[in-house]
Amino acid sequence: MSANLNRQALVSVVMLAYNHEPYLRRAIEGVLSQEIDFPIEILIGEDHSTDNTLGIAREYEEKHPNIIRVITSDHNVGAMKNLQRLESSCRGKYVAYCEGDDYWHDSTKLRKQVSFLEQHPDYSFIHTEYRTYIIESGQLLLNEGKQPKNLNDADAYNEMLAGRRAAMTLTVCARHSVLQDILLSCPECYDPRFLMGDRQRWLELARRGRVKCLNEVLATHLALPESASRSASPDRLLRFRLSSKALIEHYIEKYDCAPEIKRLARLRAAILVLHATAELSDKKTARSIIDELRRHRVPISMRAFLHYQGSRSPLTKRITQPMFPAVLLWEKIARRVRRVFISV
């Protein structure tokens, strides 16, 4: 990285870190190795880890005092408040994100994103493709988050709400002026009711500008055994997905959207919850989700129906499980057929 460190940072890189000792060095090095000719700052939010995360962060801060700032405290503040204190400390024109257990494997990522935003002032943020490394199995999924080729940059809000477009945090670079206004005026961004801390930002940014997806795999997401959105605990996973569903419902009400978008958003959120209820054999919650879909007149897909049946008992789950590959294949074919007819 070549940059005049005496200049104001053009990009602030936000890096949450909690018990990330095995991964933090790679996350920091991925940012420091970016091929750029502009100054950046890295803000590491160390949340009173129980391992040597703070020691590693301080080590890099001492080596790069003009680039790295460690923000910490003598007690754990939680992911939401940790993110809030980092975002309020950003000084760059743009804000990029890379949590301490992820990393940027491509040294051109930041240059490409900043170049695009500099040339397109009507865009509020840009995101990229990513790959996923599963810690437990050692499997590398080369393009797990592959986006459709015909995304509409001017309609990114509806695409994200309906699940057609997904912006992974480690791939995002946002315009700070727009983001700052959102963080000051949208309480959803730090609302503890919502267990996810990123989707609110991307939805709000998409309401205020165009969104670009750069179809290149430039970052690596590490899938840990335990995280906010991934857990071996079915109870914890269900809580997260119910919270995600509540966020979707909130945005359906906050900003008006077409009936078809509402239908797709509600069905997508319901399927994720029903999947978790099947893991728990929680037929009461599953029934309430099905009743809600019917109340909103959302057609129940085969996948939702199978998850619902699977939640009724361990036996019904074993019976329905073998049916999913055929259902998923059918849904994939149906989506491709719809795209062909839409493009004609």
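With a relative accessible area of 26%, Asn19 is partly exposed in this predicted model. Asn19 is placed in the loop that joins strand S1 (11-17) to helix H1 (24-32). The backbone of Asn19 has a phi near 50°, a positive value in a residue other than glycine. A second non-glycine residue with positive phi is Arg297, for which the angle is about 60°. Arg297 also belongs to a loop, in this case the one between helix H10 (283-295) and helix H11 (302-310). Arg297 counts as exposed, its relative accessibility being 76%, whereas Asn19 is classed as partly exposed.

The protein as a whole contains 13 helices and 8 strands. For 344 residues, a radius of gyration near 20 Å would be expected of a compact globule, and the value of 21 Å found for the protein agrees with this. The C-alpha trace spans about 60 × 50 × 35 Å along the principal axes. Of the 344 residues, 50% are buried. Among contacts with a separation of 6 or more, 77% are made by residues 24 or more positions apart. The accessible surface amounts to about 16600 Å², and carbon and sulfur atoms contribute 53% of that area. The protein carries 51 positive and 42 negative charges, and the mean positions of the two sets lie 7 Å apart.

Aromatic side chains form 5 pairs. One of these pairs joins Tyr157 and Tyr255 in an edge-to-face arrangement, with a centre-to-centre distance of 5.8 Å and an angle of 85° between the planes. Tyr157 lies in helix H5 (156-161), while Tyr255 occupies the loop between helix H8 (234-254) and helix H9 (259-280); the pair therefore ties together parts that are 98 residues apart in sequence. Tyr157 and Tyr255 are both buried.

An aromatic cluster is formed by Tyr97, Phe125 and Trp202. Two members of this cluster, Tyr97 and Trp202, are touched by Thr169. Asp198 is also touched by Thr169, where residues up to four places away in sequence are not counted. Thr169 is located in the loop between H5 and strand S7 (173-175). The relative accessible area of Thr169 is 14%, and the residue is therefore classed as buried, the limit for this class being under 20%. Helix H5, which contains Tyr157 of the edge-to-face pair, thus also borders the loop that holds Thr169.

Key
Residues numbered from 1 in each chain as written. Predicted model: local features only at pLDDT ≥ 70, side-chain atom pairs only at ≥ 80, totals over all residues. Heavy atoms only, no water. Helix = DSSP H or I, 4+ residues; strand = E, 2+ residues; numbered from the N terminus. Rg over C-alpha atoms; globule rule 2.2 N^0.38 Å. Buried < 20%, exposed > 50% of the residue type's maximum accessible area, 1.4 Å probe, protein only. Contact = heavy atoms within 4.5 Å. Areas by Shrake-Rupley, 256 points an atom, 1.4 Å probe, with all protein chains shown as cover. Lys, Arg positive; Asp, Glu negative; His and termini not counted. Charge placed at Lys NZ, Arg CZ, Asp CG, Glu CD. Phe/Tyr/Trp six-rings, centres within 6.5 Å; stacked < 30°, edge-to-face > 60°.
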